[in-house]
Amino acid sequence: MTTPRAEEDLADARTQSPPAETVAAGGGGRGGRFAALGQGLQQLLAFGTLIALMIVFFIASPKFLTLTNISSILLSTAVIGILAVGTTFVIITGGIDLSLGTAMTLCSVVVGLMLSNAGLPLPVGILGGLAMGALIGFINGFNVAFLGLPPFIATLSMMLVCQGLALVLSGVKPIYFTGVEGFSKIALGEIIPRIPNAVLILFGLALVAGVILRKTILGRMTYAIGSNEEATRLSGINTRRWVLAIYTLAGVATGIAGIVLAARLNSAQPQLGVGYELQAIAAVIIGGTSLLGGRGSILGTIIGALIMSVLINGLRILAIQTEWQTVVVGLVVLVAVFADNLRKRRAEGGGRL
Amino acid sequence: MSQLLRVEGISKEFPGVKALDGVNFELDRQEVLALVGENGAGKSTLMKILSGIYTPDAGQIFVEGNEVDVTGPKVAQQLGISIIHQEMNLMPHLTVAQNIFIGREPRTGPWVRDGELNRRTKALLTDLGIHLRPTQVVGELTVASQQMVEIAKALSFEHTKILIMDEPTSAISIQETQVLFRLIRSLRDRGVGIVYISHRMEELRQIANRVTVLRDGQYVGTRSMNDVRDDEIIAMMVGREVSAAYASRPEVSGDDGEVVLAVRGLTTKSLLRDVSFELRRGEILGFAGLMGAGRTETARAIIGADPMSAGTVVVNGREIKISGPSVAVRHGIGYLPEDRKRHGLMLEQDVAFNVAMASLKANRAPLGFLREGRARKIADNFIRSLRIKTPSSRTTVKTLSGGNQQKVVIAKWLARDCDVLIFDEPTRGIDVGAKEEIYRLLNDLAEAGKAVIMISSELPEVLRLSHRVVVMSQGRVTGTLSADEADQESIMKLATQNIEEVAA
């Protein structure tokens, strides 16, 4: 499997942007609002790791902390970050979504068919992509909540279905948006000078998602279902409908990612996509969201996604082979899960008397 | 000398908490020593020190007069100390024999000698008078039988002379308890010293020679069971007189309360047959019966957690079709499950989160936003009125004691303002002091006009609180008793009734 980041190279970075402040604001809500102090700790740990990585790479190569490079890092975080933000909800419910990557590809192919082939207006194409994402999420949610399929299986099959459909619909050929006025601006335009729109979309989405997760009933349900689905149900809550809503919402994020990716590449690449889901899930986990459900945050996910981008970018600057970059990311995920376990074990050993 | 185990001045501190502070106790050969104390009194910490999981900060442990250093579980085993934990540590897919000798199987090279394994197990079980086959799969046994397997496993270590049992009867029936007690007595008679941790006073009476009381990590005292009254033990545990402990049962309310909930002909595929009863405003309706009689199943069917195959539920005079818990809650029926941790609470979340769970609609702002401040204020009010012992509404529920966790579940339903509350084993795993508070709460709720169903396996509890008692056996209602008619004998008679007799 080639790392999806290889394609990220296609888009060259020309922009600069201020990093840290935007990141902190993007997460929405402070960590550990009602979960234990531990969640804040995990985020702090992730944040510390991010800073440490940046310092290490800066010492190793002064090229690392140039504005050009930082904005390149942010741009390469966008697609994975958007996917990760959406799937954070699914993972907090205790679920998992393996169809993210190919579903994203299918969305971008659908947008391509509508805009390039059918020549529909831009807004219609965008809505089409979002609707496709929502539909895929809805079907996933239905299969999980109403048919009782394990999320792993339900989304694994969806992953294959989407992959196949993307290839069939596109005729196994890339669809180019060259004739579509302004499409690539969605990702690469700069409404705010020197910040590519893709980055704005990521942080805007993160902000909205953070608010939803922390401040709304939907967010409350996400945590509740992940903490204890049966207790939630016995509290008189129709958990099925909420699970359906959460998967659908995550599907919309997948649609956004599909549009942003297509805009960045100025094409829909039907063979791309596999592997993105694992990168997104890895980002969520590095950010301290528990795979067991009930715990997690958008801020953590953004930090997790940035850690992965920084790592890959830094390794590339140090001229380390792509293949080894993948190995390193794998090890980072391992360390993140291990750190989380360690923290949990300590909390249980001392806290319970 | 007859002294088996002596613990002197054991202290253990965790960051911010002094879990044990100079605790002493001694255990003689051929003795059952009851160790009691409220949750958080330090029993578990003490047990973990004895089994080598924790190292004490100060103090000494003597086994048969020799000072020992219990540095790990393996050392504890070699010293002859075995612990049977509250949660079973058995592998459900393995057989009895495989469980007992796990990691110590008789082997030839890499191969396990199954014949030898089963023979040894059989010999052990026969010796202990446990009627189980070595080849039975543990997951298919009853909880009580699994407990027997745990005991057999503990005693399969040759040196075992000290057996520590942590609330062994919390999940088994009255008859099974008697079987367990017979086993404990026979172990005692052959010289094993037993530390028995339990909250149930009547059990201590049956089994224990002496009782040692801990409170807030401190040693309160040791008494001989023969010359201490129950209320004295309780007073030692809670540090104050609990006069209400033996208060008389509630005033029998007349039949004038209107019927809030009527269940007719409730039948499920698996167990329940034609269950009918009525529940009135202001009454506590006790549900008695043996394990597996169908009480919890009845509750779950009423709230729609499990499907019913026949029968009707009438709430406030209107027949309703309850297709799921959300419908039941909409009609004001709240269920407080037997297994709080698994079905009632989000342990990882804080108190306010849990309290708000059933009443989120009332705290909804436009756009689906949650009025978090308001929800928190409601939680704070309940923390005060129910006297929930917690540092704040932001404290994770996992860290609270059983009694306080139960109060959080109660607060959840009070916040929803349900008319009908179904309590399933409301005091299971809750210490004596907190039990009293739960009892008082149940009484208050009934007096305030709520209709309460209380399912309980503890007869004294049923007798003390209920205005009427429904008795179930094998999925059917075998009788409904008024408070005057209900006593231990009448209930047990109905609870053990065979369905064939009823039909005849």
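**Note on a predicted two-chain model**

1. In chain A, buried residues make up 58% of the 353 residues, and the reader should keep in mind throughout that this is a predicted model. Chain A holds 15 helices and two strands. Of the contacts in chain A with a separation of 6 or more, 80% are between residues 24 or more positions apart.

2. Gly300(A) is a convenient residue to examine within chain A, and it belongs to helix α14, residues 298-317. Gly300(A) has 29 C-beta neighbours inside 10 Å and therefore counts as buried, since the cut-off for a buried residue is 20 or more. Leaving aside residues up to four places away in sequence, Gly300(A) touches Gln42(A), Gln43(A) and Ala46(A), and also Gly287(A), Gly288(A) and Thr289(A). Met132(A), by contrast, is 168 residues from Gly300(A) in sequence, and the two C-alpha atoms are 28 Å apart in space.

3. The contact between the chains draws 26 residues from chain A and 36 residues from chain B. On the side of chain A that touches chain B, at least two residues each come from α10 (217-227), α11 (229-234) and α15 (322-351) of chain A, and α10(A) gives the most, with six residues. Sorted by class, that side of chain A comprises 11 nonpolar, 10 polar and five charged residues.

4. Turning to chain B, an open sheet of six strands is arranged in the order β18-β19-β20-β15-β21-β22, and its pairing is mixed. The edges are formed by β18 (333-336) and β22 (476-482) of chain B, each of which has a single partner strand, so one side of each is left without a neighbour in the sheet. On average, and with direction ignored, neighbouring strands of this sheet are turned by 20 degrees against each other.

5. How is strand β21 (residues 468-473) of chain B joined to β22(B)? The two strands run antiparallel and are connected by six bridges, and one bridge pairs Val469(B) with Leu481(B) in β22(B). As background, strands of a sheet pair through backbone hydrogen bonds, in either a parallel or an antiparallel manner.

6. Two helices of chain B lie across strands of this chain, and they are best described together. Helix α15 (residues 432-447) of chain B lies across β15 (284-289), β19 (420-424) and β20 (451-455) of chain B, and its direction makes an angle of about 150 degrees with β20(B). Helix α17 (residues 488-495) of chain B lies across β15, β21 and β22 of chain B, running at about 30 degrees to β21(B).

7. Helix α13 (residues 372-385) of chain B has 14 residues, and the distance from its first C-alpha to its last is 20 Å, close to the 20 Å expected at 1.5 Å a residue. Which residues of α13(B) are buried? They are Ala375(B), Arg376(B), Ile378(B), Ala379(B), Phe382(B) and Ile383(B). These buried residues lie on the same side of α13(B) because they cover an arc of only 155 degrees around the axis.

8. The cover over the buried residues of α13(B) includes α12 (351-356) and α14 (402-416) of chain B. On the face of α13(B) turned away from its buried side are the exposed residues Gly373(B), Lys377(B) and Arg384(B). Just after α13(B), Arg387(B) adopts a positive phi of about 50 degrees.

Methods. Residues are numbered from 1 along each chain as its sequence is written. Chains are lettered from A and ligands numbered from 1 in the order in which they are written. This is a predicted model: local features need pLDDT of at least 70, side-chain atom pairs count only at pLDDT 80 or more; totals for chains, interfaces and linings use all residues. Helices (H or I, at least four residues) and strands (E, at least two) are DSSP runs, numbered from the N terminus. The expected span of a helix is 1.5 Å times one less than its number of residues. A residue is buried if 20 or more other C-beta atoms lie within 10 Å of its own, exposed if 12 or fewer, and partly exposed in between; C-beta atoms are placed from the backbone. The arc is that of the directions from the helix axis to the C-beta atoms. Two residues are in contact if their C-beta atoms, placed from the backbone, lie within 7 Å. Two strands pair if DSSP finds at least two bridges between them. Axes are lines fitted to C-alpha atoms, for helices over the stretch in contact, and angles run from 0 to 180 degrees between N-to-C directions. Ala, Val, Leu, Ile, Met, Phe, Trp, Tyr, Cys and Pro count as nonpolar, Asp, Glu, Lys and Arg as charged, and the others, Gly among them, as polar.
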